[in-house]
Amino acid sequence: MYTQFTTILLFLIIGACMVPLILLVGRYLRPANPDPKKLSTYECGELPKGNSWVQFNLRFYVIAILFLIFDVEIAFMFPVAVTFRQWVTSSQAKGVLIFSEIILFIAILLIGFVYAWTKGDFEWIKGLQKKQIDPRFRGDDLK
Amino acid sequence: MTSLPEFLKELFESWPLLGILPVWFYSIVAIFGLLFLFLFPFAGVAVYVERKIAGDIQARIGPNVVGPYGILQWIADALKLLLKEDIIPTNADKKLFILSPMLIFISGACAYAVIPFADNVILANLNIGIFYLLAITSMVTLGLILGGWASNNKWSLLGGLRAAAQVVSYEIPVALSILTVVLVTGTLDMAQIVKMQGPFYWNIFHNPFLFISACIYYIAALAEANRTPFDIPEADSELVSGYNTEYSGMRFAIFFLIEYAECFIICAVATTLFLGGWHLPFFDLSSLTLGLRIPLQIMVFMTKSILLLLTMMWIRWTLPRYRVDQLMKLCWEVFVPFSFACLIGTAFWMVLFKGKGIPELILGLFVS
Amino acid sequence: MTSYDSLFYVFAAVTIIPAIVTVFHPNILYAALSLFGSFFGVAGIYVLLGADFIAATQVLIYVGGILVLILFAVMLSKNIYGMTFQDEKKKKILPTLFGILLLGFLIKLITTVHWNTTLSEEGPLPTTAALGNLLLTEYLLPFELASVLLLAALIGAIILARSK
Amino acid sequence: MTVELHHYLILSSILFVLGIIGIISRKNSIGILMGIELVMNACGINFVAFSKYIASDFSGQIFALFIFVIAAAEVVVALAIVLRIYQNKATIDIEEVKDLKC
């Protein structure tokens, strides 16, 4: 096992060094004459206005929550899935047992999934389809 | 079953000087070989091929100036990017701006460590192969957020956040499809997964649910790599170029390179998990001698993966782009429920038929 | 010193130095980012301890999940133009002193106790299938309860985070 | 010096103490959360080290897995609370959130 992970470690180190290395190769070849205009933020030719580090919508966060919870669930399922074949092929009773255990585990979490679905948390633009919005304010809602 | 470094070590055991070198030396050789002989040229050629295909689909010629049929175009592109000025905007957060391509490069390149190109030709034969791949590719999200944030550009930030939201959303169906395969194979080891399949027996034909799973994997992985029709994060008509708007020269080239590297990983993983890896249909390669077997296996593996990659390019230039709300809806209201259903369905199939797939069942009918 | 030992010290350094940055850096965004190194170092330590599956899970959940969530929260919680994420300056001397005292106590404790270590000679075993078997037999109840906990966290967090 | 159990224990206690310092000294609630993450990682190292050196089975690794679950659940809910407080009070400073209602 350690031999294999040594390769992984070496790969990680080489991968981390590769990017500076690639940049170093071109260092003496490429021009470097910066000017303030060139170094300014690109906003389609307009003068950049304000800082872009502004607060963004909370829906990104809701997506991240859903992801993290399901990610943990999937990480938990992997060892179980690895033993699944062994149990299933050994005997019928054990197969039914492991099947029901897995189903119970998934079903509990699917309650949460169904809850989020029915409450409309998967709608990117919430409520836009449901309620008729005055076209004058539509832009606000889309922000 | 060994990994490539150990295999090389064994191969050169009797040689005078090379025999005494430790395994990790061969690891380094193999890694550099993979990067410089495969990854970088492959990405370049893929860019050329994609431009040619785009030309064909849109009824124009595509690159045709550098070399015959423009075949050297990718070298010219690489040289051009090398000679471009490296610009870091004054408003950007410089440290994070530099860190972001590094993170993306590591997560894209290190996934190649567990791709089984042929018998014994796998950089690191990990017990947890496919799970390692999931873990290491999940790092890309961090790179995307940082790239978008560090640029201090509205387009970049929005692109980076959209990319992160999209990648994390589509990681769920991808991981669930992989889990479905693991239910059937009972191992996470990539080489072992290929070994479990055979000339007549590919995982995709194991049961109908696994077939749906394979389709879900392919489409969801397409979205995870931010390819059209799911390229919302770099939608050039909305966001200029998304999270890499402010990147120029070689830094941009790294983003570009890793995009193609990721595309190949998706196809290679699909080949390994669902399409029998290096196995040729109806012809058993394992009886051949070593010198003949390994090149043939690599060719079979590459052919399958490249066919999938070409399909990806075909899709890219044929279908229009999704809208961001449709994209999220598609993931959470179609792919996630369906992949859960496939997972449960496959588990049920396994219990019902004691782990036998359709090919085995049919074979069993003939035998009895 | 074998290569195993030197790798331990490397990973220990990779774990602890970013952790120090996390605790003392005034900029909360950089503090969050240096957690990345810390999490990776801990994954390396897990590999040294023969827990390959746990190491990969560490990367998947901490680096790919929790860190992304923390970064989202950091970016969501300050929106004032041009303002960096300076943590308000507060005296850190007292907590640090307390920490050093606590550390001294713990190290004293660890080095005085005689640990009955039994190390099997056969080296690291494949873990994943063994973990699965344990989860389905001995730890079945915690396994199902983990699902309940995740359900509670999911619903609670969604209700809290949902924009009104 | 060969690496033994107590090396791992000392490493995890350093991490633990750093986490505790972070929890006490930070005013920013997300910073406190990061301290808690460090403490949880220290716990994980301890469990896995004991599982290798003392128990010689995989029960410690199972506990490390449960730590991941708890860490994920905790961070999800805690950050949701932080964001809710931020929306209502425009601050994430833990000392300015003194009353229970928000």
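Here is a short chat about how a few labels in this predicted model are earned.

Reader: What makes H3(A) and H3(D) roughly antiparallel to each other?
Author: Their angle. Helix H3 (residues 59-90) of chain A and helix H3 (residues 59-89) of chain D pack at about 170 degrees, with axes 10 Å apart. Angles over 145 count as roughly antiparallel, so H3(A) and H3(D) get that label.

Reader: Which residues make that contact?
Author: From H3(A) come A:Tyr61, A:Ile65, A:Leu68, A:Ile69, A:Val72, A:Ala75 and A:Phe76. H3(D) brings D:Leu65, D:Phe68, D:Val69, D:Ala72, D:Val76, D:Ala80 and D:Leu83.

Reader: How do the residues of this contact divide into nonpolar, polar and charged?
Author: There are 14 nonpolar residues, no polar and no charged. Tyr counts as nonpolar here, as do Ala, Val, Leu, Ile and Phe, so A:Tyr61 sits in that group too.

Reader: What does chain A look like in terms of helices and strands?
Author: Five helices and zero strands, so from the N terminus on you read α-α-α-α-α.

Reader: How many of the residues of chain A count as buried?
Author: Of its 143 residues, 34% do. To qualify, a residue needs 20 or more other C-beta atoms within 10 Å of its own.

Reader: Now chain C. How many residues does its contact with chain D take?
Author: Chain C puts in 67 residues and chain D 63. On the chain C side, helices H1 (3-24), H2 (28-48), H3, H4 (93-112), H5 (128-136) and H6 (140-161) each supply at least two. H3(C) has the largest share, eleven residues. By type, that side divides into 46 nonpolar, 16 polar and five charged.

Reader: And which helix of chain C gives the largest share of the side that touches chain B?
Author: Helix H3 (residues 52-77), with eleven residues. This contact takes 14 residues from chain C and 16 from chain B. The chain C side has eleven nonpolar residues, two polar and one charged.

Reader: What domains does chain C have?
Author: The domain assignment gives domain 1 (1-78) and domain 2 (125-164). Their centres, taken over C-alpha atoms, are 22 Å apart.

Reader: How confident is the predictor in chain C?
Author: On the scale from 0 to 100, the mean pLDDT of chain C is 82, and 86% of its residues reach 70 or more. Residues 79-84 are a weak patch: pLDDT stays under 50 there, and the model has seven contacts for them beyond four places in sequence.

Reader: What does the model score for ipTM and pTM?
Author: ipTM is 0.89 and pTM is 0.89.

Note on methods
Residues are numbered from 1 along each chain as its sequence is written. Chains are lettered from A and ligands numbered from 1 in the order in which they are written. This is a predicted model: local features need pLDDT of at least 70, side-chain atom pairs count only at pLDDT 80 or more; totals for chains, interfaces and linings use all residues. Two residues are in contact if their C-beta atoms, placed from the backbone, lie within 7 Å. Helices (H or I, at least four residues) and strands (E, at least two) are DSSP runs, numbered from the N terminus. A residue is buried if 20 or more other C-beta atoms lie within 10 Å of its own, exposed if 12 or fewer, and partly exposed in between; C-beta atoms are placed from the backbone. Domain bounds come from an automatic or database domain assignment. Axes are lines fitted to C-alpha atoms, for helices over the stretch in contact, and angles run from 0 to 180 degrees between N-to-C directions. Angles under 35 degrees count as roughly parallel, over 145 as roughly antiparallel, 65 to 115 as roughly perpendicular and the rest as oblique.
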